[in-house]
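Biologist: Please choose one part of this model and take me through it closely, with the cut-offs behind each term, so that I can follow along in the viewer.

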Amino acid sequence: MKRKTKTILILAAALAAAAGFCWWAFLAPAGTAFQLYDRVNDTVVLRVPARAGDKLSLEIEHSFEHIPWFEYYTIREDGQFNLDAIAVAGYGAGIPAEMDVTTRVEDGLVWMEGINSVFPQFSWITSATYMKGLTLNGEKIFDFRDLPDASRIRGEMITIRGFLRNDRP
């Protein structure tokens, strides 16, 4: 009877260890990433490690005024995006000119700061002409001109699960 109990305990411990390893390898939260997802083709076009406090910036060209436009975001603890500032080379059609935020002019750009608008995710229909680059912490991570014009893209923070999965960034 003693030998049978010992065998059962060893098997239970081995099963618990295997279950723990499988959870760690495939299900445990292993970090977060910023992901661009093509909503029409159901494909990931970019996935890079990112976390709360990281800075994203988007460079576009105004479609009518043909002037540079930059948007600056901070990734929040809850995985949403805080629009911190906009820098644009003037005022014109579609440019927010009457926001109640700090505004200054520097190096030919009008800076609107302290905006603090929150976006749970980004939903873009891209333009091969007017959408330019996306940077993370000052490093260029994506060029929207590499996508077909009018691609339907979603940008979002995701939780990466499992330390041994092959789809990690």
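Modeller: What follows is a close look at one strand, its partners and the residues around them.

This is a predicted model, in which local features need pLDDT of at least 70 and side-chain atom pairs count only at pLDDT 80 or more, whereas totals for chains, interfaces and linings use all residues. Residues are numbered from 1 along each chain as its sequence is written, and side-chain values use heavy atoms, with hydrogens and water left out.

To set the scene, the protein has 1 helix and 11 strands (DSSP runs, H or I of at least four residues for helices and E of at least two for strands, numbered from the N terminus), and the helix precedes the strands in the order α-β-β-β-β-β-β-β-β-β-β-β. Among contacts (heavy atoms within 4.5 Å) between residues at least 6 apart in sequence, 57% join residues at least 24 apart.

The part I have chosen is strand 3, residues 55–61, which runs antiparallel to strand 4, residues 68–75, and is joined to it by 7 bridges; two strands count as paired if DSSP finds at least two bridges between them. Within this pairing, L56 stands opposite Y73 of strand 4. Strand 3 also pairs with strand 9, residues 131–136, again in the antiparallel sense, over 4 bridges, and here I60 has M131 of strand 9 as its bridge partner.

The side chains add a further link between strand 3 and strand 9, since E61 and K132 meet in a salt bridge with N to O at 3.3 Å (a side-chain nitrogen of Lys or Arg within 4 Å of a carboxyl oxygen of Asp or Glu). This pair links distant parts of the chain, with E61 in strand 3 and K132 in strand 9, 71 residues apart. In general, side chains of opposite charge can pair when their charged atoms come close. The two partners differ in cover: K132 is buried at a relative accessible area of 14%, while E61 counts as partly exposed at 22%, because buried means under 20% relative accessible area, exposed over 50% and partly exposed in between, with a 1.4 Å probe and protein chains only. A search of the whole structure finds 7 salt bridges.

Turning to the nonpolar side, L56 of strand 3 is among the residues with the most contacts inside the largest nonpolar core, which has 30 residues, and the others named with it are F34, L36, L134, I141 and F144; such a core is a set of buried Ala, Val, Leu, Ile, Met, Phe, Trp, Tyr and Cys residues joined through side-chain atoms within 4.5 Å. The largest share of this core, 4 residues, comes from strand 5, residues 81–88. F144 touches several residues of the neighbourhood described above, including L58, M131, K132 and L134, when residues up to four places away in sequence are not counted.

Finally, just ahead of strand 9, S127 lies in the loop that follows strand 8, residues 122–125, and at 15% relative accessibility S127 counts as buried. A polar atom of the S127 side chain lies 2.9 Å from the backbone nitrogen of Y130.

Methods. A polar contact is a pair of N or O atoms within 3.5 Å; within protein, one must be able to donate a hydrogen and the other to accept it, and residues adjacent in sequence count only if both atoms are side-chain atoms.
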